[in-house]
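Here is a quick walk through one protein model. Have the sequence and the coordinates open while you read.

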Amino acid sequence: MTDAAFPTTGYLAWQSSQIIAGRLERALRAGDLTLAQHNALQQVFWTPGVPAAEIARRSGITAQSMGRVGQLVERGLLRREPHPTSRRSMRLFATAEGDEAAARAASIARRIERETTSPLPPDDKDTIHRLLYRLVEELNPDALAIDSRSLN
């Protein structure tokens with residue numbers, strides 16, 4: 001392909017992410033979660049005590065979009081605790097119900113990933129994963145700053 005080829009790699013990546021995100025959002029609605037809430041739950045599960053602003057940075061969304069995190073606190077899925085060194089920051093922790101909701105949502109995400117990558121052979125899936133990881137590692141390394149307790 002030439003430099004002027006359409007579609008570009010960025011366009012194809014954007015299309016793929018839109019398809020996956022749309023399917024994931026629809027599937028999560030059944031569990032009464034938005035995509036932003038799912039991201040928040042996963043980030044708190046991966047890194048207990050993470051502040052909401054850090055979740056926003058890691059997820060690549062605005063702090064204003066994190067407003068729905070308050071709903072997770074109201075629903076008893078997350079709890080807030082004061083940050084030990086910053087009076088302006090609150091740390092987020094999952095409750096037992098939050099851990100269960102995060103596990104269900106992660107299962108849904110894995111199912112959507114299997115469905116959306118099913119046309120590809122395993123080697124191609126591994127290659128795409130590795131290449132996307134390298135891109136995110138370079139472009140938004142905060143997105144990969146997680147605690148290893150949930151990487152099973």
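Which salt bridge do the side chains of E81 and R91 meet in, and what is its N to O distance? The two side chains meet at 4.0 Å, N to O. E81 sits in strand 2 (residues 78–82) and R91 in strand 3 (residues 90–94), so this pair ties together parts that are 10 residues apart in sequence. Keep in mind that what you're looking at is a predicted model.

E81 has another partner as well: R79 forms a salt bridge with E81, with the closest N and O atoms 3.0 Å apart. So how covered are these residues? With buried meaning under 20% relative accessible area and exposed meaning over 50%, R79 is partly exposed at 37%, E81 is partly exposed at 25%, and R91 is partly exposed at 24%.

**The overall picture**

Let's step back to the whole chain. The protein has 6 helices and 3 strands, and from the N terminus these elements follow the order α-α-β-α-α-β-β-α-α. Along the principal axes, its C-alpha atoms fill a box of roughly 55 × 30 × 25 Å. Out of 152 residues, 28% count as buried. If you take the contacts with a separation of 6 or more, 55% of them come from residues 24 or more positions apart.

As for the outside, the accessible surface comes to about 10200 Å², and carbon and sulfur atoms account for 54% of that surface. The protein carries 20 positive and 18 negative charges, and the mean positions of the two sets are 5 Å apart.

**More on the salt bridges**

How many salt bridges does the protein have? The count comes to 6. Here are some of them, with their N to O distances:

| Pair | N to O distance |
|---|---|
| R79 and E81 | 3.0 Å |
| E81 and R91 | 4.0 Å |
| R111 and E115 | 3.0 Å |

The R111 and E115 pair stays inside one element: both residues lie in helix 5 (residues 96–117), 4 residues apart, or about one turn of the helix. R111 is partly exposed, with 34% relative accessibility, and E115 is also partly exposed, with 38%. Elsewhere, salt bridges that share partners join E54, R57 and R58 into one network.

**Around helix 2**

R58 also turns up in a polar contact: its side chain meets the side chain of T47 at 3.1 Å. Where is T47 found? Look in the loop between helix 2 (35–46) and strand 1 (50–51). Is T47 buried or exposed? T47 is buried, because its relative accessible area of 18% falls under the 20% cut-off.

V44 is found in helix 2. This residue is buried too, with a relative accessible area of 1%. To see what lies across from V44, jump along the chain to D99: the two are 55 residues apart in sequence, while their C-alpha atoms are separated by 9.0 Å.

Methods
Residues are numbered from 1 along each chain as its sequence is written. This is a predicted model: local features need pLDDT of at least 70, side-chain atom pairs count only at pLDDT 80 or more; totals for chains, interfaces and linings use all residues. Side-chain values use heavy atoms; hydrogens and water are left out. Helices (H or I, at least four residues) and strands (E, at least two) are DSSP runs, numbered from the N terminus. Buried means under 20% relative accessible area, exposed over 50%, partly exposed in between (1.4 Å probe, protein chains only). Contact means heavy atoms within 4.5 Å. Accessible areas come from the Shrake-Rupley method with a 1.4 Å probe; for residues, only the protein chains shown count as cover. Lys and Arg count as positive and Asp and Glu as negative; His and the chain ends are not counted. The place of a charge is taken as NZ of Lys, CZ of Arg, CG of Asp or CD of Glu. A polar contact is a pair of N or O atoms within 3.5 Å; within protein, one must be able to donate a hydrogen and the other to accept it, and residues adjacent in sequence count only if both atoms are side-chain atoms.
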